[in-house]
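Work through these exercises with the model open beside you. Try each task before reading its solution.

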Amino acid sequence: LRDRHGVIELDLPVTGTLDDPRFRLGPIVWQVVKNVLVKAVTAPFALLGALFGGGEETQFVDFAPGTAAPEPAAAERLAGLAKALAERPGLTIDVPVAPADALDRPVLEARRYRELRDAATRAVLRPRDPAAALPEFDTLEPRRRIEILTRLVQQHAGAAPALPEVPVPEGTSRAQARAFREQATLVELERLARAAATVGPPELEALAQARAGAVQAALLGDGRLEPTRVFLVRADRVAAHDGRVRLSLAVN
């Protein structure tokens with residue numbers, strides 16, 4: 001509660017009837033003070049958020065899955081929290097470092113798959129300009145897509161993929177049979193390619209560290225706070241919230 005000048009300033013609204021012979025100001029004020037102290041212990045972010053807006057939401061920092069940049073609303077709350085902490089020099093903040101496997105892994109693996117596929121596409125098509133934009137994968141002819149995915153799988157498996165024989169339904173024309181086999185081959189190659197684009201604990205840990213670092217940088221960015229007041233801690237205070245990854249900060 002003490003500000004940077006060493007002063008504790010409280011707003012203590014008191015109500016009562018002065019002509020009531022049982023009215024006593026002291027107990028009423030003391031009860032309000034006790035309520036403020038309890039709130040300072042149980043909901044410190046509500047008090048901090050009240051200084052510059054944000055309320056209890058100041059405690060939370062949200063990220064889109066697979067990303068390390070706080071969402072805009074969270075970035076605004078961090079800016080307000082930094083100002084509030086500058087006015088409360090006796091407080092420090094703990095920023096949790098923990099992965100959010102369930103939300104982050106699918107996004108990271110999908111991104112990794114696209115990166116590998118783009119690299120294989122560039123190697124197969126061999127554009128003269130290395131910086132040239134690649135065509136959309138799904139717009140390529142089936143034989144080209146098969147060639148690209150085969151290259152991707154072979155690079156990561158060290159051998160050509162073993163594709164099962166696909167029986168063609170009776171009564172199909174030769175062109176239909178070829179299209180049927182191409183589609184079945186593409187489905188199997190994509191399954192193998194996505195299996196090669198796995199993401200393990202190191203990548204998830206790197207993302208968790210990057211997120212915590214981004215929060216720390218946001219709090220320290222304007223120079224109001226000393227680096228010794230913002231700590232990165234190993235703590236399981238990461239959860240899913242409306243499809244986002246939410247970090248919960250802690251006050252000490």
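**Exercise 1. Side chains of β2**

Which residues point one way from β2, which point the other way, and are they buried or exposed?

Solution. This is a predicted model, so keep that in mind throughout. Start with one face: Ile93 and Val95 point one way from β2. Turn to the other face: Asp94 and Pro96 point the other way. Now check burial: all of them are buried.

**Exercise 2. The sheet around β2**

Find the order of strands in the open sheet, then list the bridge partners of β2.

Solution. Step one is the order. Three strands form the open sheet, as β3-β2-β6, with mixed pairing. Step two is the edges. These are β3 (230-233) and β6 (250-251), each of which pairs on one side only.

Step three takes the β3 side. Here β2 and β3 pair in the parallel sense, over four bridges. Val95 has Leu232 as its bridge partner in β3, and Pro96 stands opposite Val233.

Step four takes the β6 side. Two bridges join β2 to β6, and these strands run antiparallel. Asp94 has Ala250 as its bridge partner in β6.

**Exercise 3. The hairpin**

Describe how β4 and β5 pair, and find the residue with a positive phi.

Solution. First locate the strands: β4 covers residues 238-241 and β5 covers residues 244-248. They run antiparallel and are joined by four bridges. Next pick a pair: Ala240 has Val245 as its bridge partner in β5. Last, look at the turn. Two residues lie between the strands, and Asp242 takes a positive phi near 55°.

**Exercise 4. The nonpolar cores**

How many residues does the largest nonpolar core have, and which have the most contacts inside it?

Solution. Count first: this core has 23 residues. Those with the most contacts inside it are Val61, Ile93, Val95, Val215, Leu219 and Leu249. Next trace the sources. The elements giving two or more residues are β1 (60-63), α3 (72-86), β2 (93-96), α7 (201-220) and β5. The largest share, six residues, comes from α3.

A second core lies apart from this one. That core has 15 residues, among them Ile146, Ile148, Leu152 and Val153.

Now zoom in on Val215. Leaving out residues up to four places away in sequence, Val215 touches Val61, Phe63, Leu78, Val95, Leu247 and Leu249.

**Exercise 5. Helix α6**

Does the length of α6 agree with its residue count? Work out what span to expect, and where its buried residues pack.Solution. Helix α6 runs over residues 174-196, which is 23 residues. At 1.5 Å a residue, α6 should span 33 Å. The end C-alpha atoms of α6 are 33 Å apart, so the two values agree.

Then list the buried residues of α6: Ala177, Leu186, Glu188, Leu189 and Ala193. These pack against α4 (101-125) and α5 (142-157).

**Exercise 6. Rings and charges**

How many aromatic pairs does a search of the whole structure find?

Solution. The search finds zero aromatic pairs. Next, look for a charge over a ring. The charged end of Arg194 sits over the ring of Tyr113, 4.1 Å from its centre.

**Exercise 7. The whole chain**

Summarise the protein by its secondary structure, burial and contacts.

Solution. Count the elements: there are seven helices and six strands. Read them along the sequence: the pattern is α-α-β-α-β-α-α-α-α-β-β-β-β. Then take burial: 31% of the 252 residues count as buried. Finish with contacts. Among those between residues at least 6 apart in sequence, 69% join residues at least 24 apart.

Note on methods
Residues are numbered from 1 along each chain as its sequence is written. This is a predicted model: local features need pLDDT of at least 70, side-chain atom pairs count only at pLDDT 80 or more; totals for chains, interfaces and linings use all residues. Side-chain values use heavy atoms; hydrogens and water are left out. Two strands pair if DSSP finds at least two bridges between them. A nonpolar core is a set of buried Ala, Val, Leu, Ile, Met, Phe, Trp, Tyr and Cys residues joined through side-chain atoms within 4.5 Å. Buried means under 20% relative accessible area, exposed over 50%, partly exposed in between (1.4 Å probe, protein chains only). Contact means heavy atoms within 4.5 Å. Rings of Phe, Tyr and Trp (its six-membered ring) pair if their centres lie within 6.5 Å; planes under 30 degrees apart count as stacked, over 60 as edge-to-face and the rest as tilted. A charge sits over a ring if NZ of Lys or CZ of Arg is within 6 Å of the ring centre and within 35 degrees of the ring normal. The expected span of a helix is 1.5 Å times one less than its number of residues.
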